[in-house]
Amino acid sequence: MKPRLTVELAKRVKNLPPYLFATIDRLKNETISKGVDLIDMSVGDPDIPTPEHIVEAMKIAVEKPEHHRYPSYAGMLSFREAVSEWYKHMFNVSLDAESEILSLIGSKEGIGHIPLAFIEPGTTALVPSPGYPVYPIGVLFAGGENYVMPLEEKNNFLPVFKSIPENVLENARMMFLNYPNNPTSAVAPRHFFEEAIGLAKAHNIIVCHDAAYSEIFYDDERPLSFLQVDGARDVGIEFHSLSKTYNMTGWRIGFAVGNSEVIAGLGQIKTNLDSGVFQAIQEASIVALQTDDRLLSDIRARYQERRDVLYEGLNSVGMQVSKPKATFYLWAEVPQGFDSSGFVVHLLEQAGVLTTPGNGFGSPGEGYVRFAVTVPEARIEEAVERIRKAL
Ligand SMILES: *Cc1c(COP(=O)(O)O)cnc(C)c1O
């Protein structure tokens, strides 16, 4: 007999909670295999295809032999210049393409890697909860500790900085923030960002603001970029992604912008781990970033109609939900008698509607479920009718 290898996972992997969306994927496949006509509102992955002109630009770019070689680590200068122009146009913020902008293989990649640059074992990161699971996982992989900042409805889903103990702040190296927020759909007012910058300066904390949803907003009320606030560039960076903005989740491209030393630190990690973004994707992304504003307002208008149908529908079946000002999510309280997971299973089994349990984004999300309006309006109407019968 050949001796068999004993495959022993590292503790950092063994101790991982199951990745939320992988669990949901399994539930989803089980339901579909039973022949259920599933309405999947669980994952924030736009159903609208990438705009035609971006796909056409990719077709041309992919044929160029110069793109078939390794890309530059930080991103093509022309891509970073397009990001700089986009920032100026969207937020009236000026950025130096060479030192203040870095391409990412999707913003998830940068968010997951950045703690490796700044977190040491024994130091802490402040992470919002409920929140994008990649923030605390990246910190754990770097050997750091997470301090959870709960996002509660009574505080408009903003962390309350004055409740963070002094000894935690002293040990904190980084803070993650995310507005417009996934999963609560909250937006942050300017004074909140000012407060965050004050805290960061007082305690030497790097702020990482995740702005993946900056372009999905309603009623013409554009959310702030963190970098529009005075002093932001002294303390941190902002993550963006083409995924949600241009319906390009499959393409894997995003970027980080802001404080040049923080950008350089993240860049150093990436240089040692990956080799940048396929240049053809960067070239098509330049075309995306230069897209006429009308395209984005058309996308927003579509989400806004869907948001209104779901908001009114959920209200009409007696669910408590507030009307989002941004993102394609609705964060709804589960009805009396259910917890988050119980309600998700109930909706799946009784209505064939899949949502995400709020507690999957962290325990402060218990008591909520998240709906993503990434399905056509007619399906949302159908979902509401099925939920009405299931309640
Ligand atoms: C979708 C999402 C991202 C990641 O997007 P990428 O596709 O990796 O660019 C980052 N943050 C939040 C909050 C998201 O919802």
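**Exercise 1.** How far is an oxygen atom of the ligand from an N or O atom in the side chain of Ser241? Work this out on the predicted model shown above, then look for other polar partners of the ligand.

*Solution.* Let's start with Ser241: an N or O atom in its side chain and an oxygen atom of the ligand are 2.5 Å apart. Next, turn to Asp210, where a polar side-chain atom sits 2.6 Å from a nitrogen atom of the ligand. Then try Asn182, whose side chain has an N or O atom 2.9 Å from an oxygen atom of the ligand. Polar contacts are pairs of N or O atoms within 3.5 Å, so the 2.5 Å pair at Ser241 qualifies. Finally, check the cover: the ligand on its own has 380 Å² of accessible area, and the protein covers 94% of it.

**Exercise 2.** Describe the shell of residues around the ligand.

*Solution.* Begin with the count: 14 residues surround the ligand, and those that come nearest are Asp210, Tyr213, Ser241, Ser243 and Lys244. Now sort the shell by class, which gives 4 nonpolar, 6 polar and 4 charged residues. Last, look at the helices: α5 (107–118) and α10 (242–245) each contribute at least two shell residues.

**Exercise 3.** Is Thr356 buried or exposed? Find its place in the fold and its contacts too.

*Solution.* First locate Thr356 in strand β11, which spans residues 356–357. Its relative accessible area is 0%, under the 20% cut-off, so Thr356 is buried. Then list the contacts, leaving out residues up to four places away in sequence: Thr356 touches Leu20, Phe21, Ile24, Ser42, Val344, Phe361, Val369 and Arg370.

Technical notes. Residues numbered from 1 in each chain as written. Predicted model: local features only at pLDDT ≥ 70, side-chain atom pairs only at ≥ 80, totals over all residues. Heavy atoms only, no water. Helix = DSSP H or I, 4+ residues; strand = E, 2+ residues; numbered from the N terminus. Buried < 20%, exposed > 50% of the residue type's maximum accessible area, 1.4 Å probe, protein only. Contact = heavy atoms within 4.5 Å. Near = heavy atom within 4 Å. Polar contact = N/O pair within 3.5 Å; in protein donor to acceptor, adjacent residues only side chain to side chain. Areas by Shrake-Rupley, 256 points an atom, 1.4 Å probe, with all protein chains shown as cover. Nonpolar A, V, L, I, M, F, W, Y, C, P; charged D, E, K, R; others polar.
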